[in-house]
Structures are given as structure tokens and as C-alpha cells.
Amino acid sequence: MPVTRERQLVETFVEVADTLVDDFDVIDFLHLLAERCVRLLDVDAAGIMLIDRRGNLHAAAASAENARLLELFELQTDAGPCVDCCRTGAPVVNADLTANAARWPRFAEAAQESGFVAVHALPLRLRESVIGALNLFAADSRTLTEEDVRVGQALADVATMGILSQRSIHQAELLAAQLQNALNSRVTIEQAKGVLAERRQISVDEAFTLLRGYARGHNLRLSDVARDVANGSATAAELLHGTGDRLS
């Protein structure tokens, strides 16, 4: 019996609810949502950007390495669908890259070189407060329907609620600190992915799968495992020499 999108969506919300526990790992949570977006919306890649306490955008999570690199390029050039979405709080939907070449010239060229032909961006927003955006990338010209957009925005809203779940909306300093910690963890995770990829001679995506699989298999925080790998601890030795492969 084929699995319907409705069933997948319910399963995603259940999985997200299980993730939202005390001291949950924000970065791992956002990666989970990015992967579910690809599955539920029939897009080829997804990424999530967050705004730090100074109002700067950062790439926080992505379903694949090419999406992460493209988001970094978007940040470097300060132009693209996610940047526009964060600034205005309005969604960008079914933006054909050829048609928007003049709007985002460098981003459109880079995205097309990565194999994408259309992009979408949905705000991570609570009332008037925008804390980031969800980026969606498509490798063909299929469009998101109104129902697709509603599903995508629901997932973006879940991401927003997850980040804000343990912080009152009025506790701005605490929220900013949590976002900053998540972004700092992102840097450590990228370092660990690079170490694993280079030492094991695997792709960066495979390195992340191995890293996250080890964290989940040992009931550890992804950011803590990444820090151990980056610092060359016993955890690093186990992962670098392959004894943790069964957990990937």
C-alpha cells in the first residue's frame, strides 16, 4: 500500500514532537526538517537559514552538501530568495532561475551550475518576528501548488516553534543566545565533517550521515560528537577508523 503524503506529514510531526525535549539539539532538529521537506514536497534539496542577534543570516542546516554550498554563496553575495524572504517576511514561490536572472544574477548562475532550475523560500516567522527562512531547490520546472506551499509553510512554522519552544518570545536575549549557540555548533559540525571525509575518503554528505548516526546510536548530542571529532578525542578515533560504521 503506497504511503500518502498525509501519512508522511503526520509521521514527521510525531517525529518532531519526539525531538522537542529538554536541551534538544537545534541543528540536528533542523537537519531532520530539511530532509523531510525534500521527501514531502518533491524538491531536490532544502536548507534552513537563521538570523543571529546582530541581524546577520547564517546557513544552519541543509539536506545535501550542494544546497549548503549554494546557501553560503547566497550569503556571500547578499542576494537570493532566502535573503529576500528574511528581509520582507514574504514567501518566494516558484521562482524560475532563468526568469529571475536579472533579480539575482550571481545566485541564479551558481544555482543553475549546481543543477537547479527553480527555487522557493518560506519564512520562519512567529507573528511579526522573522528568525530565518526555509530554502527549497528543484532540479526541474515542476511548480509548488497551493497545497504544497501550505505544507511547506507548516514545516517552516514547526521549525520556528521548535527553536522558540523553550524560550518565551519576550526573552529576546535568551533566544538570541540559543540561536548563536546553534550557529556556533554549525561551525564545529562542518569541521568534523571535513575531518571524517578526508580521513575516511568519503563524501561530505556521507561523513555527516556517519557523524549523526554515531550521535544517535550513542544517545549523544550531534554538536558534542562533532566537537570530540574536531578535537581528536576517543570518539574521533572510533569514527575515523571505522568501528562506528554500524551506527551510520
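## Overview

The protein has ten helices and five strands. What you're looking at is a predicted model. Of its 248 residues, 49% count as buried. Take the contacts between residues at least 6 apart in sequence, and 63% of them join residues at least 24 apart.

## The nonpolar cores

The largest nonpolar core holds 46 residues, and the members touching the most others are Leu 30, Leu 50, Leu 124, Leu 136 and Leu 211. Helix α2, residues 26-41, gives the most to this core, with nine residues. Set apart from it is another core of 24 residues, including Met 49, Ile 51, Cys 86 and Val 92.

Leu 30 is a good place to start looking around. Neighbours within four places in sequence aside, Leu 30 is in contact with Ile 48, Leu 50, Ala 60, Ala 61, Ala 159 and Ile 163.

## Helix α2

How much of α2 is buried? The count is 13 of its 16 residues, so the helix is largely enclosed by the rest of the structure. From first C-alpha to last, α2 reaches 22 Å, close to the 22 Å expected at 1.5 Å a residue. Just after the helix, Asp 42 takes a positive phi of about 55°.

His 31 also belongs to α2. With a relative accessible area of 3%, His 31 falls under the 20% cut-off and is therefore buried. Skipping neighbours within four places in sequence, His 31 is in contact with Ala 60, Ala 61, Ala 62, Arg 186, Phe 208 and Arg 212.

## Two buried basic side chains in α7

Follow the His 31 contacts to Arg 186 and you land in helix α7. Is Arg 186 buried or exposed? Arg 186 is buried, with a relative accessible area of 6%. Its contacts, not counting residues up to four places away in sequence, are Ile 27, His 31, Ala 59, Ala 60, Ala 61 and Lys 193. Arg 186 and Ala 61 are 125 residues apart along the chain, yet their C-alpha atoms are separated by 7.9 Å.

Lys 193 sits in α7 too. Lys 193 is buried, with a relative accessible area of 4%. Residues up to four places away in sequence aside, Lys 193 touches Glu 65, Arg 68, Arg 186, Val 204, Ala 207 and Phe 208.

## Helix α8 and its packing on α9

Phe 208, touched by both His 31 and Lys 193, is one of the buried residues of α8. The others listed there are Ala 207, Leu 210, Leu 211, Arg 212, Gly 213, Tyr 214 and Ala 215. The end C-alpha atoms of α8 are 20 Å apart, which agrees with the 20 Å that its 14 residues should span at 1.5 Å a residue. Just after α8, Asn 219 takes a positive phi of about 55°.

Two packed helices are described by the angle between their axes and the distance between the axes. For α8 and helix α9 (residues 222-231), the angle is about 115° and the axes are 9 Å apart. The crossing of α8 past α9 is right-handed. Which residues meet here in α8 and α9? On the α8 side they are Phe 208, Leu 211, Arg 212, Tyr 214 and Ala 215, and they meet Leu 222, Val 225, Ala 226 and Val 229 in α9. By type, the residues of this contact are eight nonpolar, no polar and one charged. Leu 211 turns up again here, having already appeared among the residues that touch the most other members of the largest core.

## Positive phi in the loops

Most residues other than glycine have a negative phi. Two loop residues are worth a look against that background. Asp 78 has a positive phi near 55°, and it is found in the loop between α3 (65-77) and α4 (81-88). At 43% relative accessibility, Asp 78 counts as partly exposed.

Gln 201 also has a positive phi, about 60°, although it is not a glycine. Gln 201 is found in the loop between α7 (172-200) and α8 (204-217). Is Gln 201 buried or exposed? At 66% relative accessibility, over the 50% cut-off, Gln 201 counts as exposed.

Key. Residues numbered from 1 in each chain as written. Predicted model: local features only at pLDDT ≥ 70, side-chain atom pairs only at ≥ 80, totals over all residues. Heavy atoms only, no water. Core = buried A, V, L, I, M, F, W, Y, C linked by side-chain atoms within 4.5 Å. Buried < 20%, exposed > 50% of the residue type's maximum accessible area, 1.4 Å probe, protein only. Helix = DSSP H or I, 4+ residues; strand = E, 2+ residues; numbered from the N terminus. Contact = heavy atoms within 4.5 Å. Expected span 1.5 Å × (residues − 1). Axes fitted to C-alpha atoms, helices over the stretch in contact; angles between N-to-C directions. Left-handed = near helix turned anticlockwise from the far one by under 90°. Nonpolar A, V, L, I, M, F, W, Y, C, P; charged D, E, K, R; others polar.
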